[in-house]
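This report describes how a few helices are arranged and what they pack against. Please keep the model in view while reading.

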Amino acid sequence: MTLMESTPVKVRACAGRGGHPRPSGRDGYTISEVAAHTGLTAHTLRWYERIGLMPHVDRTHTGQRRFTDRDLDWLDLVGKLRLTGMPVADMVRYAGLVREGEHTFAEREELLTTHRANVRERIAELQSTLQVLDYKIDIYADARRASERFDPV
């Protein structure tokens, strides 16, 4: 079982992080097309493959990488994990567990559950910080409005 076969992810036809829609009717993207779609650099995509974060990427007879829709879906998941602050080492560990197959479900669940707890903690910290910002903004807005009322001009 390959990494992508054991990771059911919906195929999306929407624009990627790079803002470019996925070309329709194709399943063999060049590294530059994937870079444009995801917003990642070709260097980063090759690095992901080298460290084991990407599954094996097929190549043409001339050695050019050809990414599939499933690869784009995987990169979408990796992008989401990056946005949550998951360390690269944990993402690589997760990818390895997926490649190992169904017997790693419990380990994958534990890894993601632990990370979710960390994300929830960060969200709570950010919400608290947002409250402080809102408070300060309100003070300045009130002070600005008060000074405008007493402006003799």
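## Helices and their surroundings

Helix 1 is followed by Gly39, whose phi is positive, near 85°. The model in which this appears is a predicted one. Within helix 1, the buried residues are Ile31, Val34, Ala35, His37 and Thr38. Because these residues cover an arc of only 165° around the axis, they are placed on the same side of helix 1. Their packing partners are helix 2, strand 2 and helix 3.

Helix 3, which comprises residues 69-83, has 15 residues that should span 21 Å at 1.5 Å a residue, and this agrees with its end C-alpha atoms, which are 21 Å apart. Its buried residues are Asp69, Asp71, Leu72, Asp73, Trp74, Leu75, Val78, Gly79 and Leu81, and these pack against helix 1, helix 2, strand 2, helix 4 and helix 5. After helix 3 comes Gly85, which has a positive phi, near 85°.

The glycines that follow these two helices are listed below.

| Helix | Glycine that follows | Phi |
|---|---|---|
| Helix 1 | Gly39 | positive, near 85° |
| Helix 3 | Gly85 | positive, near 85° |

Turning to the surface, Leu130, Leu133 and Ile137 make a nonpolar patch of about 290 Å². Leu130 lies in helix 5, which covers residues 105-149, and helix 5 is also among the elements against which the buried residues of helix 3 pack. With a relative accessible area of 46%, Leu130 is partly exposed, and patches are made of residues with over 30% relative accessible area, so the value of 46% satisfies that cut-off for Leu130.

Note on methods:
Residues are numbered from 1 along each chain as its sequence is written. This is a predicted model: local features need pLDDT of at least 70, side-chain atom pairs count only at pLDDT 80 or more; totals for chains, interfaces and linings use all residues. Side-chain values use heavy atoms; hydrogens and water are left out. Patches are made of residues with over 30% relative accessible area and no salt bridge: like charges are joined within 9 Å, nonpolar side chains (Val, Leu, Ile, Met, Phe, Trp, Tyr) within 5 Å. Accessible areas come from the Shrake-Rupley method with a 1.4 Å probe; for residues, only the protein chains shown count as cover. A salt bridge is a side-chain nitrogen of Lys or Arg within 4 Å of a carboxyl oxygen of Asp or Glu. Helices (H or I, at least four residues) and strands (E, at least two) are DSSP runs, numbered from the N terminus. Buried means under 20% relative accessible area, exposed over 50%, partly exposed in between (1.4 Å probe, protein chains only). The expected span of a helix is 1.5 Å times one less than its number of residues. Contact means heavy atoms within 4.5 Å. The arc is that of the directions from the helix axis to the C-beta atoms.
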